[in-house]
Amino acid sequence: MPPSPPATLRNEAKPDTLDPAIDALERPVPAGVNAPGFGSDVIADTLRALDIPYIALTPGASYRGLHDSLVNYLGNTGPQILLCIHEEAAVAAAHGYAKVTGKAMAVAVHSNVGLLHASMAIFNAWCDRVPMLVLGATGPVDAAKRRPWIDWIHTARDQGALVRGYTKWDDQPSSPAAAREALLRGAWIANTAPMGPVYINLDAEMQEAKLVESLPPLDAARYTPPVAAGAPPDLVQEATAMLKSAKQVVILAGRASRNLEAWNARIALAEAVNAQVITDLKIGASFPTDHPLHAGAPRDPTDSGEAIRTADVILSLDWVDLAGALRFGGPSPAAKIIQVSLDYRIHNGWSMDYQALPPVDLFISADPDVVVPELLKKISSGAKPRVALSPRAAAKDREPVGFTNEHIARALRQVVGARPMTLTHLPISWEGSWCTFRHPLDFLGSDGGGGVGGGPGIAVGAALALKNSGRLPVAVCGDGDYLMGVTAVWTAVHYKIPLLFVIANNRSFYNDELHQERVARMRGRPIENKWIGQRMTDPDIDLAAMARAQGALGIGPISKPADLVAALEQAIAAVDAGGVAVVDARVEPGYTASMTAAMTAVKK
Ligand SMILES: Cc1ncc(C[n+]2csc(CCOP(=O)(O)OP(=O)(O)O)c2C)c(N)n1
Ligand SMILES: [Mg+2]
């Protein structure tokens with residue numbers, strides 16, 4: 001007799017974060033299934049129990065069981081499929097989503113080949129410490145069940161090894177019950193600070209097999225308890241004493257959440273101890289850049305170096321590269337260093353993204369967003385009188401020469417004005433002084449791992465999370481970045497995710513031109529040849545046409561700064577109408593003088 005079907009009913013509770021307009025898309029015909037019948041139905045149910053709103057994917061037969069469950073069992077909602085044309089874009093979309101929400105979205109990638117495509121984007125997410133549930137597939141693991149050729153090619157032993165160096169955890173469960181547990185554990189680990197991607201590899205055979213035993217009802221919250229990451233009171237006390245008695249405090253405002261209360265607490269703490277605050281474009285906005293206590297534009301070594309040199313206490317709030325920052329202040333920092341970070345918990349032997357080992361006088365193993373209000377409470381009672389703050393002088397708005405990225409920044413400032421805007425991505429050559437951040441969602445930081453091609457997908461996921469927030473999502477991408485990740489545009493158009501791209505199109509992988517220039521200088525060879533193997537000209541690539549080909553509004557090429565404002569106005573009108581727009585700004589190859597000097601300087 002065949003086993004009787006399980007009694008468990010489908011979980012009907014869907015996440016309330018689903019966008020109704022997106023949810024209305026790609027509705028399947030009703031399949032009339034309301035109880036799990038296969039292994040993959042249990043997996044789909046668990047994603048729903050975890051409140052995962054979306055699953056970005058590029059399809060593959062290794063997880064056709066799960067795909068069927070998402071569509072015909074859950075009805076393609078809660079989670080809803082977001083089709084991406086490249087696995088790298090699928091992972092990047094989850095990355096962008098997590099940058100805004102702080103929560104893991106799911107991604108599904110085909111067995112080994114899909115994971116290989118996805119791997120750079122997973123690395124970016126790892127370095128950026130964003131949570132993400134990456135589901136992969138393999139097999140059938142049981143060789144006797146494999147179809148000839150293709151199932152053998154797409155089965156690999158220990159697929160997790162491909163990404164183990166840059167995921168927090170991975171698993172290959174071999175039953176539906178084990179898969180359910182793996183998803184719960186994975187989501188819990190991914191969403192716990194320090195956050196990061198996890199990888200769960202689902203055996204095709206296990207997904208497709210009929211369910212033989214009923215699983216008990218699931219209360220996901222009991223398996224994903226919040227992990228308290230506060231600080232022991234004695235350490236908070238010690239830090240308070242150091243901060244109170246300091247003559248000049250510097251705060252390195254590093255990795256932070258997008259939470260407004262945490263942002264306000266950071267400002268209040270800086271004001272209470274009259275600290276100079278340093279920020280960095282590698283990470284999302286962590287302090288208002290026009291605050292009188294902001295020590296200068298993010299990434300401005302002159303201002304920051306001076307502040308670090310003169311400080312007697314430096315408070316690092318999970319700064320990405322503390323040892324590197326301290327070097328700006330000279331070979332050995334005189335200041336006492338307080339480091340608040342949980343990051344050491346996930347350092348491993350494969351990835352060196354943990355950076356150089358910093359000297360630390362007081363280490364607080366806790367989440368800075370939790371510690372800052374605790375410090376503030378202690379410091380505010382009996383604090384020294386607050387210093388009167390004079391507003392920071394606005395940066396001089398001089399007309400740049402030629403046609404550069406700075407023109408893009410100026411035109412954006414002019415057209416967007418005071419309207420809330422989120423810069424979801426900026427090119428590597430961007431200068432911090434070109435824009436002002438006054439809210440944690442004003443800027444989301446870089447791609448994390450320096451993997452070019454992440455910009456477009458990250459922008460799409462961020463724009464998805466920002467939909468209906470009243471914020472204008474803007475991604476400024478280099479042409480190299482855009483071209484590598486260009487198919488993400490289609491996903492935004494298809495799922496009606498409003499988004500503006502401005503491409504700083506210097507028709508070159510210009511960053512590397514500067515590296516060739518440096519090598520030529522070091523070797524006494526002609527720097528005139530630096531463009532060879534770098535320039536994407538002859539023919540120039542029509543980036544706006546690539547946007548139009550995917551249903552977006554493509555504007556350009558814009559070859560004069562004077563035409564940029566009108567182009568942006570037209571593009572933003574299209575975004576406000578719910579569309580996606582791409583402006584191709586043909587800037588001249590070249591970085592700012594200070595960046596060029598820094599990158600091409602040759603030690604004598
Ligand atoms: C996946 C990947 N390939 C290559 C590089 C090396 N790289 C660093 S910056 C850069 C150029 C990026 O070009 P673009 O986005 O157009 O920016 P530009 O430097 O021209 O401003 C390259 C190729 C990288 N970081 N990541
Ligand atoms: Mg370029």
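**Metal site, ligand shell and cysteines**

Asn506 and Ser508 are both buried. In this predicted model, the two residues belong to the coordination sphere of the magnesium ion (ligand 2), in which Asn506 contributes its OD1 atom, Ser508 its O atom, and Asp479 an OD atom, at 2.0 to 2.1 Å. Along the chain, the donors of the magnesium ion follow the spacing D-x26-N-x1-S.

Asp479 also appears in the surroundings of ligand 1, where 16 residues form the shell and the closest are Gly450, Asp479, Gly480, Asn511 and Tyr591. Sorted by class, this shell around ligand 1 comprises 6 nonpolar, 7 polar and 3 charged residues. Polar contacts to ligand 1 involve both backbone and side-chain atoms of the protein. A nitrogen atom of ligand 1 lies 2.8 Å from a backbone N or O atom of Gly450, and an oxygen atom of ligand 1 is found 3.0 Å from a polar backbone atom of Asp481. From the side chain of Asp512, an N or O atom is placed 3.1 Å from a nitrogen atom of ligand 1. Ligand 1 would expose 580 Å² if taken alone, and the protein buries 75% of that area. The elements that supply two or more residues to the shell around ligand 1 are helix H17, spanning residues 479-485, and helix H19, spanning residues 510-523.

A search of the whole structure for disulfides returned 0. For Cys84, the closest cysteine sulfur is that of Cys477, and because the two sulfur atoms are 15 Å apart, the separation is too far for a bond; a disulfide would require the sulfur atoms to lie within 2.5 Å. Cys84 is classed as buried, since its relative accessibility is 2%. Cys127 likewise has its closest cysteine sulfur in Cys477, but the distance of 19 Å is too far for a bond. With a relative accessibility of 11%, Cys127 also counts as buried, the cut-off for this class being under 20% relative accessible area.

Elsewhere in the chain, Ala56 is located in strand E1, which covers residues 54-57. The relative accessible area of Ala56 is 0%, so this residue is buried. Between Ala56 and Leu362, which are 306 residues apart along the chain, the C-alpha atoms are separated by 42 Å.

Conventions: Residues are numbered from 1 along each chain as its sequence is written. Chains are lettered from A and ligands numbered from 1 in the order in which they are written. This is a predicted model: local features need pLDDT of at least 70, side-chain atom pairs count only at pLDDT 80 or more; totals for chains, interfaces and linings use all residues. Side-chain values use heavy atoms; hydrogens and water are left out. Donors are N, O and S atoms within 2.8 Å of the metal (3.2 Å for Na, K and Ca); water is not among the atoms, so sites may look incomplete. Buried means under 20% relative accessible area, exposed over 50%, partly exposed in between (1.4 Å probe, protein chains only). A residue is near a molecule or strand if one of its heavy atoms lies within 4 Å of it. A polar contact is a pair of N or O atoms within 3.5 Å; within protein, one must be able to donate a hydrogen and the other to accept it, and residues adjacent in sequence count only if both atoms are side-chain atoms. Accessible areas come from the Shrake-Rupley method with a 1.4 Å probe; for residues, only the protein chains shown count as cover. Helices (H or I, at least four residues) and strands (E, at least two) are DSSP runs, numbered from the N terminus. Ala, Val, Leu, Ile, Met, Phe, Trp, Tyr, Cys and Pro count as nonpolar, Asp, Glu, Lys and Arg as charged, and the others, Gly among them, as polar.
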